[in-house]
Amino acid sequence: SSLIDQVLDGFDCILKVLNAAELVDDFYRRAMTVDGWQVEGIWQQRVQMIVAKLFRATAEAETIHAHTHLKVLGGVSDTADNLASAVEGEGYEFREMYPVFLSEAEAEGNEAAARSFRFALAVEEVHHGLYEKALEAVKGGGDLLAGTIYVCPVCGNTFDGDLPDKCPVCNVPRAKFFEVK
């Protein structure tokens, strides 16, 4: 078997270990797309502080592994190619993946999971649109016009430029949004 097959098998093993539920699987995959997991508040409510620090450290290490594996697989390219991949991935999530997750959660009567998937479904569509906008700008030799990007701390909705008074997905007031530096 090739090196790429071995790396993919390794990813499969990691995901099988972490795939206690679809929500955990999605959380893990999503966390791998940013520099570390931003879950310290959740973990600190449920475990000791040093244990929470261990989870954060492990998340950082897993992010390093994911970035290295992605480079080996040729998954890091130029900005336009990376944006095109992001458009495709976000499109899949809001068109296909989250509708299935939401339907299953509703069928099981799991309202907490359904709410989480509703938020993600709506926000992935926003991300898709932002990536399309960014791809157009990059193909034209430019960058996004907004100098600031904000994220809603409850649902993850993302805004470039002007903010609404409240998040249109989860109704959190704009004062709670945080700027991405």
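Tyr 98, Phe 101 and Phe 117 make up one aromatic cluster in this predicted model. The structure contains four aromatic pairs. One of them joins Phe 101 to Phe 117 in a tilted arrangement, with 5.3 Å between the centres and 50° between the planes. Phe 101 belongs to helix α5 and Phe 117 to helix α6 (residues 111-139), so this pair ties together parts that are 16 residues apart in sequence. Phe 101 and Phe 117 are both buried.

Another aromatic pair, Phe 159 with Phe 177, is stacked: the centres are 5.0 Å apart and the planes differ by 15°. Here Phe 159 sits in strand β2 and Phe 177 in the loop between β2 and β3, so the contact ties together parts 18 residues apart in sequence. Phe 159 has a relative accessible area of 10% and Phe 177 one of 8%; buried means under 20%, so both values qualify.

Helix α5, which carries Phe 101, can be followed from end to end. At its N-terminal end, Asp 78 acts as a cap, with a side-chain oxygen 3.3 Å from the backbone nitrogen of Ala 80. The helix covers residues 79-108, and at 1.5 Å a residue its 30 residues should span 44 Å; the C-alpha atoms at its ends are 41 Å apart, which agrees. There is nevertheless a kink of about 45° in α5, centred on Glu 93. Just after the helix, Gly 109 adopts a positive phi of about 75°.

The buried residues of α5 include Leu 83, Ala 86, Val 87, Glu 90, Phe 94, Met 97, Tyr 98, Phe 101, Leu 102 and Ala 105. Glu 93, the centre of the kink, is also buried. An α-helix has 3.6 residues a turn, so residues three or four places apart point the same way. Ala 86 counts as buried because its relative accessibility is 18%, under the 20% limit. The C-alpha atom of Ala 86 is 8.8 Å from that of His 127, although the two residues are 41 apart along the chain.

Strand β2, which holds Phe 159, is part of an open sheet of three strands in the order β2-β1-β3, with antiparallel pairing. β2 (158-160) and β3 (178-179) stand at the edges with a single partner strand each, so one side of each has no neighbour in the sheet. Strand β1 (residues 149-151) pairs with β2 in the antiparallel sense over three bridges. Tyr 150 has Phe 159 of β2 as its bridge partner. Phe 159 therefore takes part in this bridge as well as in the stacked pair with Phe 177 that ties β2 to the loop between β2 and β3.

Terms used: Residues numbered from 1 in each chain as written. Predicted model: local features only at pLDDT ≥ 70, side-chain atom pairs only at ≥ 80, totals over all residues. Heavy atoms only, no water. Helix = DSSP H or I, 4+ residues; strand = E, 2+ residues; numbered from the N terminus. Expected span 1.5 Å × (residues − 1). Bend = angle between axes of the 7 residues up to and from the residue. Buried < 20%, exposed > 50% of the residue type's maximum accessible area, 1.4 Å probe, protein only. Polar contact = N/O pair within 3.5 Å; in protein donor to acceptor, adjacent residues only side chain to side chain. Pairing = 2+ DSSP bridges. Phe/Tyr/Trp six-rings, centres within 6.5 Å; stacked < 30°, edge-to-face > 60°.
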